[in-house]
Amino acid sequence: MRNGPRGIPNGGIIITVDGRGFDVIAEPKMYVEYDDVEFNSPCFVKNDTRMECRTPEILIPPERERELDPTNGMNLMYGFIMDNVTSVRNLPQNNHNSLQYFSLFPDPEYYAFGEDDDTVKEYKSDYLTINGANLDRASQELDVEVRIGDEFCNVTSLSRSQLTCRPPEEQPSPAPGDKSDTGLPLVVVKIGNKLEYRIGRLQYSGLSEVGAFNQQLIIGLSVGAVVLIIILIVCLIVYRQKSNQNSRVLKNMQEQMDVLELRVAAECKEAFAELQTEMTDLTSDLIGAGGIPFLDYRFYTMKILFPNMDETSVLQMERPDLDRKEKGLKIFNQLILNKTFLLLFIRTLEANRYFSMRDRVNVASLIMVALQGKMEYCSDILKTLLAELIERCIDGKIHPKLLFRRTESVAEKMLSSWFTFLLYKFLKECAGEPLYMLFRAIKQQVDKGPVDAVFSEARYSLSEEKLIRQSIEYKEMTVEVSMCQIYLGGGGDGTVEGGETPVKVLDCDTISQVKEKALDAIYRYYPYSHRPWRDELDLEWRTGTSGRLILYDEDSTTRAESGWKRLNTLSHYNVPDMAQLTLIPKQSSLYNYMSMLSDKSDKSHHQNQHHNHQSQQHQKYETLNLSKFSSASPPLSRATSPLNHDNDAGVKQRQRDTQSFDNNCRNNKVWHLVRQQETEQREGEQRSNKMVSEIYLTRLLSTKLTLQKFVDDLFETIFSIAHRGSALPLAIKYMFDFLDDQALQHGITDPEVVHTWKSNSLPLRFWVNLIKNPNFVFDIHKSNIVDACLSVVAQTFMDSCSTSDHRLGKDSPSSKLLYAKDIPIYKEWVDRYYSDIKMMQPISDQDMNAMLAEESRMHASEFNTMAALAELYGYAFKYNDQLILALEEDEFSTKQRLAYKLEQIHNIMSND
């Protein structure tokens, strides 16, 4: 018997029986016993050795149908009725259980396509799948018959929950007697002789429309194909014409781009030649006038060590309040010179969570000032702290490349200050000149074009943020400017001559800008802090022997539009080329009173002239003769002269006042070249259209190419071990060798790590600060637009020292795009610089100590060391409890009784 004896209550499952002598049996039957009742069904003999039987229908009461196990079935006795042959009855018993019992399973269930048996399913693929449950428990593919209308669906597979069959290639017709309104064939599944399931109706995809509109569809497709061919031909002709037109446009644009490129190149070449001539004249002037205006050592170091402090106590050499504390501070100085105490002092402060970043920077600067006369000891302390910092970085699983990137420890700030002390001579003898020339070149190039007095945006700029993004009509002019005798006399050395000085200006310059350019020209040999300030002067336009007019940024003639007032310019006053201007002290209240009087009265000839001057803005201004009221300019008190002011304080006061002026302009709806709402609108448009800023990229490129030589000179000077006869400072070689040794001690073999340490310690920590702030080195004034340009150069310098490759795209900042081709060259300079330093002969301790001793001797009295010690003692007093505990726990401190000595100092200081 094949396939095992299995069946379902509805019967009809085919059982194939193999044996012998089947052809002599008259009417063979198969029976199954259920509740002692035999249910039989006929068998059909195929040949002498095989016959097929269909399982009988077994009547099971509805309440007992749940007894049927869908997994294992119900075991029943079965056998065959063959002419009263008893051996084929009750087969499992007669064969000693060698044959299985008959397994009765629940009827299989086939699910309809939808909620009812008339649901229409669209047939798209090659096979039809019907879902169900318990499909193959008792039945096989041969037991199942699937009909689609009047045709069969060939069953290909049967699983526990799915039946798959292959329908006819064409949609069958409905079965005879099927009176459905849809005209679609019904899918019926039949199992055995009796069990049937109506699954639903089947519609072949697209065949219903084809059947109804086959002929119309063919005609429509034919017509559509013809129309499509015609359209394609027309499109091809149009495309050919457009392609030719685009080619012509592209060729025309290429020609325009070539012309623009040649024009930009010619402009850059001309601008560079002009700037080079001016800078050559400047160089010769500097040689003849006493050189570059370097700040002295004291102010240079203080600007770097204490950048955010207007005044610091360490520069105040006279401190009577410290005299009574001198004894305690001298003893505290002895503790500071004790290496064990100083290291514990720094570690204790850094371990306190209330010790802020500002405190770390301040303490590091104060320690460097206090140890200015002991640079050998200072260098030893610095190396110890750096070694501890490197060890903490590596032990703390922090990536070594992050070391020295930010000033987060006292050691890192001390390293910056150490380089500041020891590289001052190198700055004065070598690197200072290209840095100053770059500053002057940027300033002169920026001043050649319009500069917005309110927003500090310029036509010539390296910074996209400070670039004027619109066309400004302007005209270059030269005016003859003379200086009031009171200032000429104040020069002292007679360098400033009393004659007229030609000054290059623009007709769109504000009056303050003209005054600034005039002061730059007249006092070109003077440091910035030794010249008058523009806001202490008025600009007077003189015509003939008696006519004169005071020019102001704002006066009664200032034009107002929609609540906005535009600053007065030379074109506003119709000042002609080669006009004669004079810088005079600020006018007294008498002059202002007479100006107001002339507005209200027409009784005198001079008052009429002034009235015409106000009303006829587009005509040439009449001159105003006030000689009868004031025969000479009011004298300026010598006490208020900038030549008598403290240099650093005067410069900082001017910077604050200039910033205040700019803020007032922005807050009071005052504009010069670009209005504020235009700037906001432009920024909004720029966010929506990136091309807006790229249109003006040629201006950035023009400025960059013009200044290229000066940037190259500076970078080449910094990244050269021997430039113009100046040897590499010992401090650089000494510190780089120390970093190499530290990497070797900690097993760091990645060359990029040591490269990053060196870049973070010197170029990015020292040089970038000076490139962005040349006013830390020179007695100069750095305007906002010049500051923005220097920031671009500083960013390029930083990128040149980086080991990572910067991938540039359309969204990259313009500052990076400007120097994209130059940075790889600069990186080669940096790599060669580090390699050359490493190949140099190591510096002996004797040579290094001799250099440090000489530095200590030269600058031992530059600062008030007692003031620095007093501030350091303030930190020792503030964190006394933690410091005493650290001193008592340390073995070396205990041996030297450092905690006791600190307590003694507290007692002395408290008594004083």
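Here a biologist and a modeller talk through a predicted model, one question at a time.

Biologist: Happy to start at the surface. Which residues form the negative surface patch?

Modeller: Glu169 is a good way in, as it sits in the loop between strand 14 (162–166) and strand 15 (186–191). Exposed means over 50% relative accessible area, so Glu169 counts as exposed at 80%. The negative patch that includes Glu169 is made up of Asp150, Glu151, Glu169 and Glu170.

Biologist: And the nonpolar patch on the surface: what is its accessible area together?

Modeller: One of its members, Ile231, lies in helix 2 (residues 207–289). With a relative accessible area of 43%, Ile231 is partly exposed. Taken together, Ile219, Val223, Val227 and Ile231 have an accessible area of about 340 Å².

Biologist: Let's turn to strands. Is strand 2 largely enclosed or open?

Modeller: Buried means under 20% relative accessible area. In strand 2 (residues 14–18), 4 of the 5 residues are buried, so the rest of the structure leaves this strand largely enclosed.

Biologist: Thanks! Which residue of strand 5 is the bridge partner of Ile14?

Modeller: Strands of a sheet pair through backbone hydrogen bonds, in a parallel or an antiparallel sense. Strand 2 and strand 5 (residues 50–54) take the antiparallel sense, over 5 bridges. In strand 5, Ile14 has as its bridge partner Arg54.

Biologist: There is also an open sheet with the order 1-8-6. Which of its strands stand at the edges?

Modeller: This sheet has 3 strands, and its pairing is mixed. An edge strand here has a single partner strand, so one side of it is left without a neighbour in the sheet. The strands at the edges are strand 1 (6–7) and strand 6 (74–76).

Biologist: Within that sheet, which residue of strand 8 is the bridge partner of Gly7?

Modeller: Strand 1 and strand 8 (residues 102–104) are paired in the parallel sense, over 2 bridges. In strand 8, the partner of Gly7 is Leu104.

Biologist: Now for strand 23. Which residue of strand 23 does Trp541 stand opposite?

Modeller: Strand 23 (residues 580–585) is mostly covered, with 5 of its 6 residues buried. Strand 19 (residues 537–543) pairs with strand 23 in the antiparallel sense over 6 bridges. Opposite Trp541 in strand 23 stands Leu581.

Biologist: What about strand 17: which residue of strand 23 does Glu480 stand opposite?

Modeller: Strand 17 (residues 476–483) pairs with strand 23 too, this time in the parallel sense over 4 bridges. The residue of strand 23 opposite Glu480 is Gln580.

Biologist: One more sheet, the open one with the order 21-22-24. Why is one side of strand 21 and of strand 24 left without a neighbour?

Modeller: The sheet has 3 strands with mixed pairing. Strand 21 (560–561) and strand 24 (670–671) stand at its edges, so each has one side without a neighbour because each has a single partner strand.

Biologist: And which residue of strand 24 stands opposite Lys565?

Modeller: Strand 22 (residues 564–566) and strand 24 run parallel, joined by 2 bridges. Opposite Lys565 in strand 24 is Val670.

Biologist: I'm curious about contacts across the sequence. How many Å apart in space are Ser463 and Asp787?

Modeller: Ser463 is in the loop between helix 9 (424–447) and strand 17. Its relative accessible area is 6%, so Ser463 is buried. Although Ser463 and Asp787 are 324 residues apart in sequence, their C-alpha to C-alpha separation is 9.5 Å.

Biologist: And His530 with Asp779: how many Å apart are they in space?

Modeller: His530 has its place in the loop between helix 11 (511–522) and strand 19. At 28% relative accessibility, His530 counts as partly exposed. His530 and Asp779 are 249 residues apart in sequence, and from C-alpha to C-alpha they are apart by 9.1 Å.

Biologist: To finish, backbone angles. What is the phi of Asn90?

Modeller: Asn90 lies in the loop between strand 7 (78–81) and helix 1 (91–94). At 22% relative accessibility, Asn90 counts as partly exposed. Its phi is positive, in a residue other than glycine, and is near 45 degrees.

Biologist: And Ser456: is it buried or exposed?

Modeller: Ser456 is found in the loop between helix 9 and strand 17. Although Ser456 is not a glycine, it has a positive phi of about 60 degrees. With a relative accessible area of 8%, Ser456 is buried.

Key: Residues numbered from 1 in each chain as written. Predicted model: local features only at pLDDT ≥ 70, side-chain atom pairs only at ≥ 80, totals over all residues. Heavy atoms only, no water. Patch = residues over 30% accessible without salt bridge, like charges linked within 9 Å, V, L, I, M, F, W, Y side chains within 5 Å. Areas by Shrake-Rupley, 256 points an atom, 1.4 Å probe, with all protein chains shown as cover. Salt bridge = Lys/Arg side-chain N within 4 Å of Asp/Glu carboxyl O. Lys, Arg positive; Asp, Glu negative; His and termini not counted. Charge placed at Lys NZ, Arg CZ, Asp CG, Glu CD. Buried < 20%, exposed > 50% of the residue type's maximum accessible area, 1.4 Å probe, protein only. Pairing = 2+ DSSP bridges.
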